Amino acid sequence: MRISLASAALALLSLGCADRDSTTDGDAPTGGTLVIASAADAGTLLPPLIDDVSGKQVADQIFDRLAEIGAEVNTIGDRGFTPRLAQRWDWAADSLSIAFHLDADARWHDGRPVRASDVRFSHAVYRDPAVASPHAEVITNVDSISVRDSLTAVVWFARRTPEQFFEATHQLLIVPEHLLRDIARKDLATSAFARNPVGSGRFRFVRWTPGATIEIIADTANYRGRARLDRVIWSFAPDPTAAATKVFAGEADYFEALRREQIPEVEKNPLLRTLRYPQLAYTFVGFNTRNTLFANRELRRALVMAVDRQKLVRSVFDSLTSVATGPFIRAAAPAIPPIPQIAFDTVRAGATLDSLGWRDSNADGIRDRAGRPLTFSLLVPGTSAFRIRMAVLLQEELRRVGVDMKVEQLDINMMGDRQNTRRFDAIFGGWNLDPSPSGIRQTFTTVATKPGGFNYTHYSNPVFDALVDSAATTMNPEQSRGYYERAYGIIVQDAPVMFMYEFQGLAVAHRRLNITGIRPEAWWAGIADWSIAADQRIERDQIGLRVAPK
Amino acid sequence: MWAYIARRLVQGLAVIALVVTATFVLIRLAPGDPFAATLDSPTVSAETRARWSAHYGFDRPVPVQFARYFATIVQGDFGYSTSQRRPVGDVLADALPNTLLLMFVALVLSFALGIALGVFQAVRRGTAPDRLLGSVTLFFYSMPDFWLALMMMLTFAYWIPLFPVTGMVDAVMYPYWPFWRQMLDRLHHLVLPALTLTLLTAAVIARYQRAAMLDVVHDEYVRTARAKGLAERAIVRRHALRNALLPVITLFGLAFPALLGGAVFVERIFSWPGMGFLTFNAIMTRDYHLVTGSVIVGGVMVVVGSLLADVLYAAADPRLRRP
Amino acid sequence: MRGSWGAWMVAAAIVALVTLPLLRPPRIRDESAGPWRMIMRRFRQNRGARTALGIVLALYIIAALAPALAPYPPNAQPDPIAMQVLAPSVAHLMGTDLASRDVFSRVLHGARVSLAIGLLAVLLSITVGTIYGAAAGFIGGKTDAVMMRIIDALLSIPRILLLIMVTALWGQLSILLLVVLIGMTGWFGVSRVVRAEVMAVSAREFVISARSLGASRLRVLSRHVLPNVLSPVIVAATLGIGNVIILETGLSFLGLGVQPPQPSWGSIIQDGAQQVSAHWWISVFPGLAIVTTVMAFNAVGEGLRDALDPR
């Protein structure tokens, strides 16, 4: 139990108050250790290259954006944003540029001040093809960033769009130029920084034991104030079951993806509670509309009619999740009125199939036409227990109307391959949504059907395309919503996919945690303000701000 | 003796080379690529993926890739892991000691337990304890390792919470504990996975040992010893045991690949960050270099293990010593 | 495989024909004739082995009759909401699973998959292994050395990793392909045994004299060598069935073997492994089924080995 100041890095890390124990700091107490159980190790901690959930969670604590989006996830204009590295901002009269004024107190964790040149550098790194950032595609509207003075960065846009502020701020985590400029861009991925990041956020990086843990500690001299907790540790497990087990065994405090069968386990444990939070993801059964079977709109509608999606969702999720009513999450778009659905009606479904010529001529329970049975295969990712369960239930539902659906469980790589080469009948897919609804352009418009695009069901409806385009370019939010509503209505009736369920997050958390600041697309957004009352501290909360030798 | 060892080492190298080539080709022929994990995000375009692929050289024809890989291997560089974004050498260096620890503990315990049980049973052949133990060993011998691991977890983590179920050490407190507490924590985490592996392997060894002992007990020279009037125990100790150990030593060579493979399930269920689990993950994520790297390491371990077994055998049995 | 009554009745009949004579307890005044009768007699004297053989026979009969014995269809989901994960009761002897399917019926149908794959894969293994080993042993010399080195290389790969690699890379496999895959990765040990036997027997006098008398190599092989080789091969085969069953269940557990909704003991265990404490019956019962089956096969195999080579 000795405080070690041996290495220089550690000396820097214990800048501030090396020996301070938990003290009550104003209203909320500071101190405590949060252990988050996670089912997947992070890939890298270099912001431009992060594309996995764990990496995002850690990076959002260590790095800052210019401005942070609020809990309503309002992506239009700038009203829904709160200042971060940028204390305030000014729009140019023509809205083609915004000048961000940085907080003069902002410091990197190694002590150097944050400058506008860091912002310019960050943007350059994100856009550089040599870095091959997966986020480069979504910030194309940001033309360039110029430096007016050491604390003012001007963001220049290619076009006026309703979401340009969101595009400029949300994807860009600001990284330190002075630590990265001497590294060749193509070597950034393998640099030491990627595994040992230095940011400006309310937490600073401590250590990363690959496959085991990532540890961060409160930055006590942070310009936005010290984080309430002392440290946060991500503890990795090979799969969600093992991760949940960690929490039940008292080895972790929080796990984000509980299954409803595990709720009784939580109720038996007086120290734990469940927590529901909105998420921006939905799943669907996508039909390959280039397939002769699914090119027929009436057939697709008949299949959707034949399935009691409500029953399926209730079976797998109980009341924790709702049926997806379109390519969006209702919790994230409360102002959009309910979209008319294809009603569950097995009689009509049967009649439709009959009228299309599909009848059971040989009494084997499966409809056929001209000698060919009504059969197709559904690809399901082997990693998703939920989708597998639902696929099995779906199989039964369809069998009852005489449709033979085979379930092919594939690993994620095989799925990707079949998806990209469009070699599938039906696929149980899902999308993690960006906060901006315009993401639908990447998934269901005609433009996205080109090879390499994500519209792998090949849905193409010019009316839908036009509505989505209008919605994404209209500056008036109400008008934009109206366009989206009509577009969603069209795609639901065309049924290129059967929308299955909206994810709703179910987490298990230790009762001593005061959880706050949850955002639909990032439950971890407010971790810096989570706290643990002084009288509820357990053993691991007592470590304080010590950093053990590596 | 040394010529024999040298010859076996050369053969072992050939074996490893063969296995690595086969793995290399096999995994590249399979559909899918290392960058499929970004499937659910419509922001990573095909161009970006193509760029990554080119960066790692995965878009070249397979023979070219193999030649480049071979060149780097010879220099001691195992390549770069796409799933963990760091050199494969580092990844293996982290995982290997964990597996070795588990395997070593399991090997020692299972051989000790297995040999003791086998001897015990052989000496008391036909009696009730022999039959009972025989059923017990048959029971564990016939059990799938993943099921035993699950049952262990169920019993000792949920029903009777005695041992931790995941990881090698406590995720939070370990770096902050004194040395003795750290060692205790390590042992604590080792119990369930090691016990699972031990029970299964010990059952196999016990059955072999018993059979080998019964073989030997009928041998001529043992009968002679008995005729000379030596006590049963002395016969067991002095003659039978030494000779009966020989077949069991050959088991040692077989135990290596078995434990390496069996560890896949155990490591997964108990979240033990070792080679078996690593290889499984690498295959799933098409991490080409990591898969080949693990296969090489695994191959080396197996070759060394069986070589060790053969050397021990030759050393133990004077009749087999080569000039 | 499912619903294929005919095939299963035939299989059960064959197994019965082979095993029934071995099930009779030995009579004191058995007229011992040829060596085969002696072997059978010794086997029958081993009570444990006899019981195990009875269990094996019972398993095949149960598997054959599974559709009749199962109280519910194995894939029927009467009510995926209200009848999920019910604990074992009189109506559902082994409870229900997450989709409200009756676990007992699924375990019965799963027996078909496991026993079928076990038997067929092992048959493939011993056929290939015997041919390879006999060829190596008979030809001898340099060819034999090379052939055996290849076997060494193949033996040093953990079988499960090889299977994982292939199944993971090529996705869903039909049961036939699964049988071929498992069979083709399991013949290495058999070939070694066969080769050793062939070489040992070839050196025996009667074979040498037969050859000096001018008998063709093939004739010598088939009339003298192979029958002696048969016994250890049968033992290896019986012990191998247990191994194959464990392998197949392991693959299904990882999601790589039999595909849904086809029940396999391994996939049923996996269904319940997600939260094994909340519904332990889904994982425990199929596991017990596996252990019982494999124990029975192992006991029979060891009984055969003791009968063939008494000490």
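Me: In this predicted model, how do the axes of helix H4 (residues 88-123) of chain B and helix H10 (residues 275-284) of chain B cross?
Reply: The two axes come within 8 Å and cross at roughly 135°.

Me: What makes H4(B) oblique to H10(B)?
Reply: Angles over 145 degrees count as roughly antiparallel and 65 to 115 as roughly perpendicular, with the rest, outside the roughly parallel range, being oblique. The crossing at roughly 135° fits neither range, so H4(B) is oblique to H10(B).

Me: Which residues meet there?
Reply: Happy to list them: Ala95(B), Leu96(B) and Thr99(B) come from H4(B), while H10(B) brings Met275(B), Gly276(B) and Leu278(B).

Me: How many nonpolar, polar and charged residues does that contact have?
Reply: It has four nonpolar and two polar residues, and no charged ones. Gly counts as polar here.

Me: Good, now the cores. How many residues does the largest nonpolar core have?
Reply: The largest has 167 residues, and Val247(A), Phe255(A), Leu378(A), Ala391(A) and Met498(A) have the most contacts inside it. Apart from that core lies another of 159 residues, including Phe146(B), Ile182(C), Ile241(C) and Val300(C).

Me: What is Leu378(A) in contact with, leaving aside neighbours within four places in sequence?
Reply: Its partners include Val285(A), Ala391(A), Met405(A), Val407(A) and Phe428(A), and also Lys406(A) and Glu408(A).

Me: How many helices and strands does chain C have?
Reply: Chain C has 13 helices and zero strands. Buried residues make up 51% of its 311 residues.

Definitions and conventions. Residues numbered from 1 in each chain as written. Chains lettered and ligands numbered in written order. Predicted model: local features only at pLDDT ≥ 70, side-chain atom pairs only at ≥ 80, totals over all residues. Core = buried A, V, L, I, M, F, W, Y, C linked by C-beta atoms within 7 Å. Buried ≥ 20, exposed ≤ 12 C-beta atoms within 10 Å, placed from the backbone. Contact = placed C-beta atoms within 7 Å. Helix = DSSP H or I, 4+ residues; strand = E, 2+ residues; numbered from the N terminus. Axes fitted to C-alpha atoms, helices over the stretch in contact; angles between N-to-C directions. Parallel < 35°, antiparallel > 145°, perpendicular 65-115°, else oblique.
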